[in-house]
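Let's take a walk through this one together. Have the coordinates open in your viewer and follow along.

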Amino acid sequence: MENANLTQRLAEAIGRQSDDIAVDVSLDKRIITLKGKVTSRGEQIRIEDAVGRLAPDFTIIDKVKVEPH
């Protein structure tokens, strides 16, 4: 899967969960980095699970911070 296509699919999946998350994809290293803030641990887990389903063979680095209101 090409980088632009994967990045777009990930952004769409994450966008349904949160608009405050940035996605960086390294195809050559097979790493996806998530950065941003969410309001609950549950939301953080849902985002990571969505990314894991779309790119199961990638390593996910989750730098998303939980900041409750």
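We'll go from the overall fold to the sheet, then to the helices, and finally to the charged pairs.

First, keep in mind that this is a predicted model. The protein chain has 2 helices and 3 strands, and if you trace them along the sequence you get the pattern α-β-β-α-β. The radius of gyration comes out at 11 Å, close to the 11 Å from the globule rule for 69 residues, so the chain is as compact as a globular protein of that length. Along the principal axes, the C-alpha atoms fill a box of roughly 35 × 20 × 15 Å. Of the contacts with a separation of 6 or more, 54% are between residues 24 or more positions apart. As for the surface, the chain exposes about 4,400 Å², with carbon and sulfur atoms supplying 46% of that, and 30% of the 69 residues count as buried.

Now for the sheet. How are its strands ordered? The sheet is open, its 3 strands run in the order β1-β2-β3, and the pairing is mixed. That leaves β1 and β3 as the edge strands, each pairing on one side only. From one strand to the next, the twist averages 10°. Strands of a sheet pair through backbone hydrogen bonds, in a parallel or an antiparallel fashion. Here β2 and β3 take the parallel option, over 8 bridges. If you want a landmark on that seam, find Lys35, which stands opposite Lys63 in β3.

Both helices pack on this sheet. Helix α1, residues 3-15, touches β1 and β2, and its direction makes about 155° with that of β1. Helix α2 touches β1, β2 and β3, with its direction at about 160° to that of β3. A handy residue to click on in α2 is Ala50. Is Ala50 buried or exposed? Its relative accessible area is 9%, which is under the 20% cut-off, so Ala50 counts as buried. The C-alpha atom of Ala50 is 7.1 Å from that of Ile14, although 36 residues separate the two along the chain.

On to the charges: the structure holds 3 salt bridges. Start with Lys35 again, whose side chain meets that of Asp24 at 3.6 Å, N to O. This pair links strand β2 (residues 31-38), home of Lys35, with strand β1 (residues 21-26), home of Asp24, and the two residues are 11 apart. Lys35 is partly exposed at 37% relative accessible area, and Asp24 is partly exposed too, at 38%.

Next, look at Asp57 and Arg30, whose closest N and O atoms are 2.4 Å apart. Asp57 sits in the loop between α2 (41-54) and β3 (59-66), while Arg30 sits in the loop between β1 and β2, 27 residues away. Arg30 is partly exposed, with a relative accessible area of 34%.

Finally, Lys37 and Glu67 form a salt bridge at 3.9 Å, N to O. What does this pair tie together? Lys37 lies in strand β2 and Glu67 in the segment after β3, so the bridge ties together parts that are 30 residues apart in sequence. Here again the partners are partly exposed: Lys37 has 44% relative accessibility, and Glu67 has 38%.

Note on methods:
Residues numbered from 1 in each chain as written. Predicted model: local features only at pLDDT ≥ 70, side-chain atom pairs only at ≥ 80, totals over all residues. Heavy atoms only, no water. Salt bridge = Lys/Arg side-chain N within 4 Å of Asp/Glu carboxyl O. Helix = DSSP H or I, 4+ residues; strand = E, 2+ residues; numbered from the N terminus. Buried < 20%, exposed > 50% of the residue type's maximum accessible area, 1.4 Å probe, protein only. Pairing = 2+ DSSP bridges. Axes fitted to C-alpha atoms, helices over the stretch in contact; angles between N-to-C directions. Contact = heavy atoms within 4.5 Å. Rg over C-alpha atoms; globule rule 2.2 N^0.38 Å. Areas by Shrake-Rupley, 256 points an atom, 1.4 Å probe, with all protein chains shown as cover.
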